[in-house]
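Colleague: I am new to this structure. Please pick one part, take a close look at it, and then place it among its surroundings.

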Amino acid sequence: MFIAEVLTSPQGPIKILRTGRSVQSLRGGLGLRVGAEKSQSNGLAAARQAPSDSLLSNTDVSREVRESRRGAAEVRRRGFFRLSQEQVVLIVVAGLVVLFGAMLPGFLTLGNLLTLVRNVSVLGVLSLAMGLVVIARGIDLSLIATMGVSTALTLQALSEPGASVMLAVAIGLSVCLAMGLLNGFVIAFVEIPALFTTLATGLAVFGLARTFFLSGGNLIVDVPERGAFVRTMGLGHILGLPVPVLIFAAVCIATHFVLTRTALGRFIYAHGDNPEAASLTGIPIRPLTMIEYTVCALLGYLAGLVLAGTLNAMDTQVIMTSPLIYNVLTVVVLGGISLVGGRGGVQSVVAGTLLIGVMLNGMTLLNMDVFVQQIIQGLILLAALVLDKRLNPRDEETVKQGD
Amino acid sequence: MAAEVTAATVDAARWPKTWVAPRTRGRWKELRWRASAQLVLGELLEKQWMEPAIPLAVLIAVTASFVIAVPGMGEFDNVISTLRELSEFALVVIGMGIVVISGGIDLSVGSMFALNNYVALLLGLIVGLPMWLTTLLVLGLGCLMGACNGVLVAYLKAKPFLATMVALLVYRGITNLLDEHFSMSIATKGTIQDPFWTWLGTGSVLGVPTAIVFLIVVVLVGHVMLSRSRLGWHITAVGASRKAARHAGIDVERVLLSSYVFSGLLTAMAAMLYASRVNSLSPYTALGMEFTALTAAVLGGISLAGGNGTVPRALIGAATITILSKGLLLMNVGGEIYTLIQAMILLLVVGVDIKWAKNRAKAIQKIYINPTYLHFEPAPSIAPNDNSPFAINDRLSNSMPIGLGVVEGPEDVLLDAQGRLYTGDRRGWIWRFSGENFDRAEIFAKIGGMPLGMQWDKNGNLIICIGGMGLYGVDPLGRVTKLTDETNRTWYRLKDDSRLRLADDLDIAPDGKIYFSEASVRFEAHDWIEDGLEGRRNGRLICYDPATKTTRTVLKRLVFPNGVAVSHDGNSVLIGQTWLCRILRYWIAGPKKGEVEVFVENLPGYVDNINRASDGNYWVALVGIRSPVFDLAYAHPRFRRRMMKRIPRDEWLYPSMNYGCIIKITEKGEVLESYWDPTGNAHATVTSMREHDGFLYIGGLNNNRVGRIKLAGGGRP
């Protein structure tokens with residue numbers, strides 16, 4: 001219980017690590033420093049060096065902690081002048097909204113904005129799912145496959161006479177559960193890097209479902225009569241607000257609560273910050289990994305239901321052909337959940353989702369060719385990856401394949 | 001088999017008349033334990049060639065099973081078309097393999113393939129360029145795309161997996177875009193009529209299809225490049241350890257960039273072969289090829305960790321996957337199942353690779369020591385005041401110490417004509433003590449290794465066995481020469497036994513041939529005691545002939561042969577076998593030449609060196625004394641194996657080496673007397689003794705001195 005207390009206490013080591021981190025991320029020098037003084041205090045300089053030195057003597061560590069505390073205090077004092085990555089993204093979003101509003105008639109209408117938000121809700125929920133595992137220094141490339149297969153199987157079960165709604169949902173849930181546990185097991189226990197694992201399991205679950213479970217090998221499963229709740233999730237309104245938006249908001253609040261207020265959230269950050277250290281402090285890293293991927297898969301299922309409700313069908317071809325997974329990665333990386341793990345939060349996903357949503361909407365309104373859009377999305381993700389590397393540098397000489 | 005004594009070869013009449021009962025019990029059990037699958041496995045896993053051997057075995061198994069199971073698989077036409085497909089796919093896999101060896105990954109190969117294919121046909125059909133020029137242009141395009149990936153990964157430091165995954169999206173998007181614009185205008189065009197194009201797609205060189213010729217050339221050039229050229233070494237070095245490569249002065253970024261360019265170039269070549277063969281304009285060409293190529297590379301044994309792989313391995317992996325896909329296609333298995341199988345293969349192979357790389361050394365260590373069954377009769381009594389020749393006494397306790405605190409571990413001692421004493425030292429030195437009380441110590445020679453048995457040759461050179469090195473000679477001036485460090489290799493043994501690991505003791509026959517023992521071919525010199533836990537026939541008797549400078553193994557498969565002494569008449573060699581507590585006699589001359597017989601067995605301790613005594617008898621050192629517990633453990637190999645798996649190394653049950661003794665044996669093998677130091681202060685372990693001018697000099701592997709006692713009567717042997 002000692003660990004949980006330390007990690008959850010406000011003065012705990014994670015807190016210190018994270019403030020130390022924020023100091024480090026601020027020095028990126030890519031326009032993030034607004035009106036900052038040129039001179040750096042000793043504390044800041046020490047905190048800056050800290051993450052690169054892993055072999056410090058005991059006294060060094062205590063001095064480092066002391067100085068990073070001092071550095072964090074200074075950051076707080078000057079925080080008004082500095083912007084986090086999310087804030088920068090939000091500013092860009094605002095700029096884009098103004099730009100598109102001026103350029104594109106019909107962009108700044110309430111209807112379009114609601115459509116925009118509703119369209120990105122699925123992306124948002126998926127990005128939250130992905131964000132969760134990326135914070136824990138993982139990645140889930142099988143997310144879209146899990147989403148597609150579990151939703152398609154649910155819809156297919158609903159169209160079978162005699163199958164109850166509960167059973168249909170249970171089938172979908174069990175697919176997600178199986179995928180999450182499988183991913184987590186292979187990554188945590190077999191120790192295959194997450195990229196390879198989830199790439200393979202995604203293809204495997206798709207092949208499996210297409211061959212054995214989806215009747216007649218049909219690629220598009222329509223929402224049947226009894227799937228009213230699915231349609232509600234996609235198209236309904238509560239208090240004048242679209243249900244997808246409400247779902248996105250609810251998931252945001254729940255995820256934010258878990259990440260910031262519970263031991264599980266602290267563990268996830270600790271896992272992403274430094275898996276070896278987290279393991280040494282006694283956090284059960286391997287079961288935790290399985291939990292992370294399972295939660296990710298379950299959120300994917302939720303997003304899949306919303307998507308199916310919106311489109312009134314689940315097209316399993318999205319698994320292979322749509323650039324959705326790229327968009328999800330772009331949201332996560334651009335929003336500030338760095339691929340190095342342990343950074344960012346729900347606010348990053350919200351900011352990233354808005355950015356991508358506005359961009360997609362704008363490109364559609366511009367009547368841009370879908371493949372041009374694809375190329376642009378790819379280039380943006382590439383830029384985000386390079387930017388992430390600049391903002392959160394790592395010793396690439398020690399990274400392993402698939403990290 | 002003639003080497004080892006069997007019950008049949010030992011004539012009962014020749015057994016010495018002693019307290020010893022002949023060894024008859026446990027013979028069958030010993031035979032049953034002699035063969036061991038674990039032994040083979042342990043030695044097999046150590047082999048470097050095991051890594052590519054397993055993928056090759058998989059390839060052969062897959063090929064064989066499909067040829068048998070699928071009708072039409074082995075037909076000539078099918079073989080040719082499979083080979084054509086293989087040559088395209090293998091080029092891509094080799095490119096992927098080079099990138100993986102450099103520590104990266106290239107997931108964009110599928111899209112690059114599609115774009116190259118599309119552009120080539122577009123240039124041929126719409127622009128109407130001659131196809132040789134088109135081919136050159138497309139190869140350039142491939143290099144360019146590879147370079148884009150390379151710049152992203154090497155210079156902009158993007159993660160290779162994600163960066164090339166995004167590149168996949170972008171290149172595929174460009175292909176789709178081209179298709180949108182040109183599909184209508186292409187529909188009205190005919191086909192490409194170009195001799196070069198036809199030759200590339202369906203032609204042949206000297207009867208061999210062009211694509212296969214291309215593949216052979218690329219494999220040869222690629223293999224030489226990767227394994228023999230500077231760039232190839234740099235690629236491997238960067239993949240193995242980027243930091244070490246940088247410290248060695250390698251331009252890591254440029255090497256990484258070049259590996260991606262290779263990948264792009266080879267993919268473009270493959271696309272050209274494909275385009276000329278199929279002539280199909282589709283933006284969906286090679287969908288998912290990156291995944292197939294990755295699976296193939298990994299299946300061929302190219303480690304995802306980087307720095308470990310070759311071009312032939314990529315070829316093996318590519319062939320396996322091609323045959324698999326072709327076979328499944330002929331069996332009418334759907335594409336999704338094929339994807340599923342690939343995904344499972346990838347996970348399985350990567351999992352095995354990762355677990356194996358992590359646990360290889362541990363696994364080998366766990367199964368390497370492989371105990372066998374040995375049967376012992378109850379040991380003769382060593383109780384003091386007993387009427388046995390082994391009765392404990394204190395005749396060594398008051399020995400005169402020589403070089404006390406100066407020498408460390410004098411395994412063997414030797415004296416020259418002037419009465420100077422020579423002894424080895426575990427630091428790899430030879431000491432010489434001279435003066436009245438041997439108080440003048442000097443280092444005679446520094447050889448290195450672990451100096452063990454010593455003897456003079458006719459010319460006054462010191463011949464010495466060095467554990468870990470071989471057989472060496474030191475001339476009177478202290479100059480060291482290597483006599484031999486290898487012998488003929490046993491062709492059927494997995495373990496390379498040509499190199500001498502633990503040359504132990506030697507003696508020189510009247511004809512000048514040097515007979516020396518090698519105690520173990522399976523354990524290094526410093527792990528000699530682990531051979532005792534195993535108790536296998538790992539040692540041998542070797543003969544070095546100084547006249548012809550040749551070395552050959554005389555007796556194979558002896559259990560730890562240790563002491564070697566030529567008999568007084570020069571017709572036989574006595575060989576002490578430590579773990580068996582017995583001495584063999586090997587006839588090197590006379591009517592029984594070539595025969596082996598038991599000279600004496602069931603001694604109370606573990607035999608070490610043997611020397612001739614001045615009175616026609618033999619001195620034998622017993623390095624440690626048997627205990628009933630360890631005798632029992634020798635009869636229970638499973639017990640010893642479990643012990644080695646379950647408990648830490650320093651708590652294992654070892655043969656007792658705490659104190660030993662010297663015994664004197666007659667030419668008939670009867671034991672006359674023994675010399676003991678029951679306190680263990682002066683001579684805890686006794687590994688050797690040497691009689692000289694009425695004195696007996698005593699050495700011990702773990703002792704800090706050489707001892708000397710006065711013998712009642714006696715002279716120089």
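Modeller: Take the contacts in chain B with a separation of 6 or more: 65% of them link residues 24 or more positions apart. Keep in mind that this is a predicted model. Chain B has 717 residues, and 58% of them are buried. Its secondary structure comprises 18 helices and 26 strands. About 29100 Å² of chain B is exposed, with 60% of that area supplied by carbon and sulfur atoms.

The part to look at closely is an open sheet in chain B. It has four strands, in the order E20-E21-E22-E23, and the pairing is antiparallel. In general, strands of a sheet pair through backbone hydrogen bonds, either parallel or antiparallel. The edges here are strand E20 (605-612) and strand E23 (671-676) of chain B, each of which pairs on one side only. From one strand to the next, the twist averages 25°.

Now go across the sheet, pair by pair. E20(B) and E21(B) run antiparallel and are joined by six bridges. One place to find this pair is B:Gly605, which stands opposite B:Ile625 in E21(B). These two strands form a hairpin, with five residues between them. In the turn sits B:Gly616, with a positive phi of about 85°.

Strand E21 (residues 618-625) of chain B deserves a pause. Is it enclosed or open to the outside? Eight of its eight residues are buried, so E21(B) is largely enclosed by the rest of the structure. The cut-off behind that word is a relative accessible area under 20%.

On to the next pair. E21(B) and E22(B) are also antiparallel, with five bridges joining them. Here B:Ala621 has B:Ile662 in E22(B) as its bridge partner. Then comes the pair at the far edge. Strand E22 (residues 661-665) of chain B meets E23(B) in the antiparallel sense over five bridges. B:Cys661 is bridged to B:Trp676 in E23(B).

Chain B has another open sheet to set beside this one. Its four strands follow the order E16-E17-E18-E19, and they too pair antiparallel. Strand E16 (561-566) and strand E19 (596-600) of chain B are its edges, each pairing on one side only. Neighbouring strands of this sheet are turned by 30° against each other on average, direction ignored. Inside it, strand E17 (residues 572-577) and strand E18 (residues 582-587) of chain B pair in the antiparallel sense over six bridges. B:Leu574 stands opposite B:Arg585 in E18(B).

Next, some helices of chain A. Two packed helices are described by the angle between their axes and the distance between the axes. Helix H8 (residues 165-190) and helix H14 (residues 285-311) of chain A pack at about 145°, with axes 7 Å apart. The crossing of H8(A) past H14(A) is right-handed. Their contact residues divide into 15 nonpolar, six polar and one charged.

What does a single helix residue touch? Try A:Ala152, in helix H7 (residues 143-159) of chain A. A:Ala152 counts as buried because its relative accessibility is 0%. Beyond neighbours within four places in sequence, A:Ala152 contacts A:Leu214, A:Val221, A:Met314 and A:Thr316. A:Met314 lies 162 residues from A:Ala152 in sequence, yet their C-alpha atoms are 5.8 Å apart.

A:Asn112 gives a second case, this time in helix H6 of chain A. At 11% relative accessibility, A:Asn112 is buried as well. Residues up to four places away aside, A:Asn112 touches A:Gly106, A:Phe107, A:Asn361 and A:Leu365.

Finish with two loops. Most residues other than glycine have a negative phi. A:Arg137 is not a glycine, yet its phi is positive, about 55°. A:Arg137 is placed in the loop between helix H6 (110-135) and H7 of chain A. With 35% relative accessibility, A:Arg137 counts as partly exposed. A:Asn367 likewise has a positive phi, near 65°. A:Asn367 is in the loop between helix H17 (346-365) and helix H18 (370-391) of chain A. At a relative accessible area of 69%, A:Asn367 is exposed.

Notes. Residues are numbered from 1 along each chain as its sequence is written. Chains are lettered from A and ligands numbered from 1 in the order in which they are written. This is a predicted model: local features need pLDDT of at least 70, side-chain atom pairs count only at pLDDT 80 or more; totals for chains, interfaces and linings use all residues. Side-chain values use heavy atoms; hydrogens and water are left out. Axes are lines fitted to C-alpha atoms, for helices over the stretch in contact, and angles run from 0 to 180 degrees between N-to-C directions. A crossing is left-handed if the near helix is turned anticlockwise from the far one by less than a right angle, and right-handed if clockwise. Ala, Val, Leu, Ile, Met, Phe, Trp, Tyr, Cys and Pro count as nonpolar, Asp, Glu, Lys and Arg as charged, and the others, Gly among them, as polar. Two strands pair if DSSP finds at least two bridges between them. Buried means under 20% relative accessible area, exposed over 50%, partly exposed in between (1.4 Å probe, protein chains only). Contact means heavy atoms within 4.5 Å. Accessible areas come from the Shrake-Rupley method with a 1.4 Å probe; for residues, only the protein chains shown count as cover.
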